[in-house]
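Reader: I would like to learn how burial, disulfides and overall form are read from a set of coordinates. Could we go through them one at a time?

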Amino acid sequence: AQWGMWQLEGTVVTMVGRDGYLGIVYQRPPCELGYMVLQVMEGREISKGLMPTTQPSWMGFSNDYALTILSSDNIVSMLMPVMGFRWVPMLDVGKKFKVALDSFWPLFTEKGVLVGVPLRGGDEYPDVVKRPVPSRMPLEMPILDGVLGKRQLEDATIRGQAALEQEKLISTDTDDLEKTILHASTQIDKITLKLFIAACEQSRVELALDLIEKLHNEKSLEVALTVCERTNLIELMEEIKIIMDRKFPLPDDDDDDDDDIDDLS
């Protein structure tokens with residue numbers, strides 16, 4: 001059955017679907033590549049814009065319906081709801097090759113891993129007769145090494161936050177979304193606290209304060225207070241208390257007084 005109609009600004013180059021999601025790449029005049037992501041069953045346009053400058057050689061959806069491409073220069077990028085929608089580089093596949101002629105035949109991305117078949121010595125396609133065993137490449141963003149020297153932790157927090165925003169975008173069940181947000185934010189906070197502990201131990205107070213702003217849950221802020229006390233960062237403790245009051249204000253006493261008056265009447 002046909003569910004609706006959308007008009008593109010050019011000629012379709014390729015498209016890919018997963019469940020109710022459809023990703024389309026099309027040629028925009030004079031020589032730009034555009035994309036559109038649709039939730040077909042809901043008749044909803046998710047995002048629309050320009051592709052990265054390099055030609056995509058593969059495209060698919062991740063398990064949480066983020067449109068994913070492998071470019072001709074071997075960079076895996078995902079379309080993420082970060083500052084609007086942005087193509088975010090997730091992995092430099094070329095760095096995994098032993099020689100320049102090697103390449104990779106992607107199959108899908110699942111839970112932070114790119115799954116596919118390595119191609120050796122200039123092969124263009126997998127040998128189906130030999131039934132090659134797929135390989136797994138964990139996504140690893142090409143980010144700079146920070147002052148803490150905790151590149152993997154920083155990568156995990158960035159990807160975790162992006163995945164959380166993606167979950168908010170695609171979820172339709174409010175109760176299930178709340179549970180997912182609580183679980184995901186708790187996991188992100190655990191990683192952020194590891195960075196926070198490292199910042200405190202190195203007396204990088206400004207960086208520690210920036211990390212505090214990224215914490216989602218009140219319990220995580222309480223842990224941060226304990227870390228400050230252990231590392232004797234008293235001024236930072238006071239700043240954290242201010243942030244806690246702002247993020248998690250106590251109930252207004254006036255409301256309790258009003259309830260008491262209502263009970264008496």
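Reader: Is Cys228 buried or exposed?

Author: Buried means under 20% relative accessible area, exposed over 50%, and partly exposed in between, with a 1.4 Å probe and protein chains only. At 0% relative accessibility, Cys228 counts as buried, and Cys200, with a relative accessible area of 3%, is buried as well. This is a predicted model, in which local features need pLDDT of at least 70 and side-chain atom pairs count only at pLDDT 80 or more, while totals for chains, interfaces and linings use all residues. Residues are numbered from 1 along each chain as its sequence is written, and side-chain values use heavy atoms, with hydrogens and water left out.

Reader: How many disulfides does the structure hold?

Author: A disulfide is a pair of cysteine sulfur atoms within 2.5 Å. The structure holds zero of them; for Cys200, the nearest cysteine sulfur is that of Cys228, 4.6 Å away, which is too far for a bond.

Reader: Why is the chain described as more spread out than a compact globule?

Author: The radius of gyration is taken over C-alpha atoms, and the globule rule is 2.2 Å times the number of residues to the power 0.38. For the 265 residues here the rule gives 18 Å, whereas the chain has a radius of gyration of 24 Å, well over that value, so the chain is more spread out than a compact globule. Along its principal axes, the C-alpha trace spans about 75 × 50 × 40 Å.

Reader: What percentage of the residues in the chain is buried?

Author: Of the 265 residues, 36% are buried.
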